Amino acid sequence: MILEPGDKIHVITRRAFDGDVRRHFVGEVSSAGETTARAEGYAFVFNLSRNEFARRPELRERLVALSDARNLIHVLPPDVELAQLEYRTEANRLYLTDGKQFRLDVNEFGAQR
């Protein structure tokens, strides 16, 4: 399997059109097959009026298609606390961070650590 139960993931869903809502998801995999994973975590949606990603407060369960080219999936370190993750902008770069040691440089074309 590519993903195993307990893996933590960050998913960027690429937009199909310029006006599409920008959506990201962080979650912990509860089960996974060859092409799909089930994960529980938090959705982030881009707030255009505030020009920032806002995390939805409630936990969500999401099915993630591993073979969908619109999904960019990053495996996160196992010690990252999903409830602590937030987006911050520094020097015109967008980062996903837990405010401690973890920091992922994020853009819609991939990520750099």
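**An all-strand chain and its side-chain contacts**

Phenylalanine 44 and tyrosine 87 are both buried. These two residues offer a point of entry into the model, which is a predicted one. Their ring centres lie 5.0 Å apart and their planes stand at 90 degrees, so the pair is edge-to-face. Phenylalanine 44 belongs to strand β3 and tyrosine 87 to strand β7, and the pair thereby links distant parts of the chain, 43 residues apart. The structure holds 3 aromatic pairs. Phe44 and Tyr87 also belong to one aromatic cluster, together with Phe46 and Phe53.

The overall architecture can now be set around this pair. The chain contains 10 strands and 0 helices, and from the N terminus on its elements run β-β-β-β-β-β-β-β-β-β. For 113 residues, a compact globule would have a radius of gyration near 13 Å, and the 13 Å of this chain agrees with that expectation. Taken along the principal axes, the C-alpha atoms fill a box of roughly 35 × 35 × 30 Å. Of the 113 residues, 35% count as buried. Among contacts with a separation of 6 or more, 45% come from residues 24 or more positions apart.

The interior comes next. The largest nonpolar core has 17 residues, and those with the most contacts inside it are Val26, Leu85, Tyr87, Leu96 and Phe102. Two or more residues are given to this core by each of β3 (36-47), β6 (71-76), β8 (93-97) and β9 (103-107). Strand β3 gives the most, with 3 residues. A second, separate core of 8 residues includes Leu3, Val11, Ala37 and Val64.

Leucine 96 shows how one member of the largest core is surrounded. Setting aside residues up to four places away in sequence, leucine 96 touches Val26, Leu85, Tyr87 and Phe102, the very residues named alongside Leu96 for having the most contacts inside the core. The other residues that leucine 96 touches are His10, Glu86, Arg103, Leu104 and Val106.

Arginine side chains also meet aromatic rings. Arginine 103 lies over the face of tyrosine 95, at 3.7 Å from the ring centre. Arginine 22 lies over the face of phenylalanine 46, at 4.3 Å from the ring centre. Phenylalanine 46 is a member of the aromatic cluster that also holds Phe44, Phe53 and Tyr87.

Charged pairs form a further layer of the description. A search of the whole structure finds 7 salt bridges. In one of them, arginine 38 is joined to glutamate 61, with the closest N and O atoms 3.5 Å apart. Arginine 38 lies in strand β3 and glutamate 61 in strand β5 (residues 60-65), so this pair ties together parts that are 23 residues apart in sequence. Arginine 38 is partly exposed, with a relative accessible area of 35%, whereas glutamate 61 is exposed, at 52%.

Another salt bridge involves loops. Lysine 100 pairs with glutamate 81, the closest N and O atoms being 3.8 Å apart. Lysine 100 sits in the loop between β8 and β9 and glutamate 81 in the loop between β6 and β7 (86-90), so that distant parts of the chain, 19 residues apart, are linked. Lysine 100 counts as exposed at 59% relative accessibility, while glutamate 81 is partly exposed, with a relative accessible area of 44%.

Glutamate 52 brings several of these themes together. Glutamate 52 lies in strand β4 (residues 52-55) and forms a salt bridge with arginine 50, where the closest N and O atoms are 3.4 Å apart. Arginine 50 is exposed, with a relative accessible area of 56%, and glutamate 52 counts as partly exposed at 33%. Leaving aside neighbours within four places in sequence, glutamate 52 is in contact with Val45, Phe46 and Asn47. Among these contacts, Phe46 is part of the aromatic cluster and carries arginine 22 over the face of its ring. The C-alpha atoms of glutamate 52 and arginine 88 are separated by 8.5 Å, although these residues are 36 apart along the chain.

Note on methods
Residues numbered from 1 in each chain as written. Predicted model: local features only at pLDDT ≥ 70, side-chain atom pairs only at ≥ 80, totals over all residues. Heavy atoms only, no water. Core = buried A, V, L, I, M, F, W, Y, C linked by side-chain atoms within 4.5 Å. Buried < 20%, exposed > 50% of the residue type's maximum accessible area, 1.4 Å probe, protein only. Helix = DSSP H or I, 4+ residues; strand = E, 2+ residues; numbered from the N terminus. Contact = heavy atoms within 4.5 Å. Salt bridge = Lys/Arg side-chain N within 4 Å of Asp/Glu carboxyl O. Phe/Tyr/Trp six-rings, centres within 6.5 Å; stacked < 30°, edge-to-face > 60°. Lys NZ or Arg CZ within 6 Å of the ring centre and 35° of its normal. Rg over C-alpha atoms; globule rule 2.2 N^0.38 Å.
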